[in-house]
Amino acid sequence: MTENTPPAGPMAGIVVRGAILMVALRFVVRAIGLVSVVITARLLTPADFGVIGTAGIVIGFFALLQAIGLGDALVRLRRLEPAHVHTAWTMNLAVGALVAVAIWLCAPLAAAFLEEPALAAVLRWLALMPVVNALVSPGTATLLRDFAFRKEFGLRVFQKVVTVACV
């Protein structure tokens, strides 16, 4: 073992606790999402719920385009500098704006294709979501890099609760 290599015992414990927290995070976020769906289903008529569900599918497709993995790239860097975080934030914002424009432009096409006129208006409002999501600092991805799993857990749960409250 070299001088810079940490002992295996404490690191193994950190990794196990981190894995448990990340699995718990998935369950908690899914549970909050389920509560959101139940509340939304109670508030909306079946037709409105169908429009929102369809809009969610369209937005989900475009969300795939927005996931470019800059947070993961920041975690992998050997030496992280503030310029890296600033560049990642700018790139996230640019991609979020492009995705928002794409959603805005495709809204009438999706409404026509799915034969649901109300979908266009809903999609145009939801087109703001990629821009708002892009405003989150990619520097939070460094929490995983620093093994700050509790902070990551708290931040993600808070994010989900705020999203559900906005919906």
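Where is E115 found? I looked there first. E115 is in the loop between α4 and α5. I note that this is a predicted model.

**Entry: E115**

I checked the backbone of E115. Its phi is positive, about 55°, although E115 is not a glycine. I then asked whether E115 is buried or exposed. E115 has a relative accessible area of 69%. The cut-off for exposed is over 50%, so E115 counts as exposed.

**Entry: α4 against α5**

Next I took the two helices that flank this loop. Helix α4 covers residues 82-113, and helix α5 covers residues 118-126. How do α4 and α5 run relative to each other? Their axes cross at roughly 165° and come within 8 Å. That makes α4 roughly antiparallel to α5, because angles over 145 degrees count that way. I logged the crossing of α4 and α5 as right-handed.

I listed the residues in this contact. From α4 come I103, W104, A107, P108, A110 and A111. They meet L119, A120, L123 and R124 of α5.

Two of these names drew me back. I looked at R124 and the ring of W104. R124 lies over the face of W104. The distance to the ring centre is 4.5 Å.

**Entry: α2 against α4**

I moved to helix α2, residues 46-66. I set α2 against α4. The pair packs at an angle of about 150°, and the axes are 10 Å apart. So α2 is roughly antiparallel to α4. The hand of this crossing is right-handed.

Which residues make the contact? On the α2 side I found V58, I59, F62, L65 and Q66. On the α4 side I found V95, G96, V99, A102, I103, C106 and A110.

**Entry: α2 against α5**

I then checked α2 with α5. Their axes come within 10 Å and cross at roughly 50°. What does that angle make of the pair? It makes α2 oblique to α5. The crossing of α2 and α5 is right-handed.

The contact list for α2 reads V51, I52, T54, A55, V58 and I59. Their partners in α5 are A118, L119, V122, L123 and L126. I compared the lists. V58 and I59 of α2 appear here, and they also appear in the contact with α4. L119 and L123 of α5 meet α2, and they also meet α4. I103 and A110 of α4 meet α5, and both are in the contact with α2 as well.

**Entry: the aromatic pair**

How many aromatic pairs does the structure hold? I found one. It is formed by the rings of F61 and F62, with centres 5.3 Å apart and planes at 75°. Planes over 60 degrees apart count as edge-to-face, so this pair is edge-to-face.

I followed F62 further. F62 is buried, with a relative accessible area of 8%. F62 is also among the α2 residues that contact α4.

**Entry: E152 and L144**

I turned to E152, which lies in helix α8, residues 149-166. Is E152 buried or exposed? E152 is buried, at a relative accessible area of 3%. I looked for its contacts, leaving aside neighbours within four places in sequence. They are M22, T140, L143 and L144.

L144 was the next stop. L144 sits in helix α7, residues 142-145. At 31% relative accessibility, L144 counts as partly exposed. Not counting residues up to four places away in sequence, L144 touches M22, F149 and E152. M22 therefore appears in both lists, touching L144 and E152, under the contact limit of heavy atoms within 4.5 Å.

I also took a C-alpha distance from L144 to L21. The two are 123 residues apart in sequence and 11 Å apart in space.

**Entry: two positions in α1**

Last, I looked up helix α1, residues 8-43. M11 has its place there. M11 counts as partly exposed, at 28% relative accessibility. I paired M11 with L126, 115 residues apart along the chain. Their C-alpha atoms are separated by 43 Å.

I39 is also found in α1. Its relative accessibility is 45%, so I39 counts as partly exposed. I paired I39 with L143, 104 residues apart in sequence. From C-alpha to C-alpha they are 32 Å apart in space.

Methods
Residues numbered from 1 in each chain as written. Predicted model: local features only at pLDDT ≥ 70, side-chain atom pairs only at ≥ 80, totals over all residues. Heavy atoms only, no water. Phe/Tyr/Trp six-rings, centres within 6.5 Å; stacked < 30°, edge-to-face > 60°. Buried < 20%, exposed > 50% of the residue type's maximum accessible area, 1.4 Å probe, protein only. Lys NZ or Arg CZ within 6 Å of the ring centre and 35° of its normal. Axes fitted to C-alpha atoms, helices over the stretch in contact; angles between N-to-C directions. Helix = DSSP H or I, 4+ residues; strand = E, 2+ residues; numbered from the N terminus. Parallel < 35°, antiparallel > 145°, perpendicular 65-115°, else oblique. Left-handed = near helix turned anticlockwise from the far one by under 90°.
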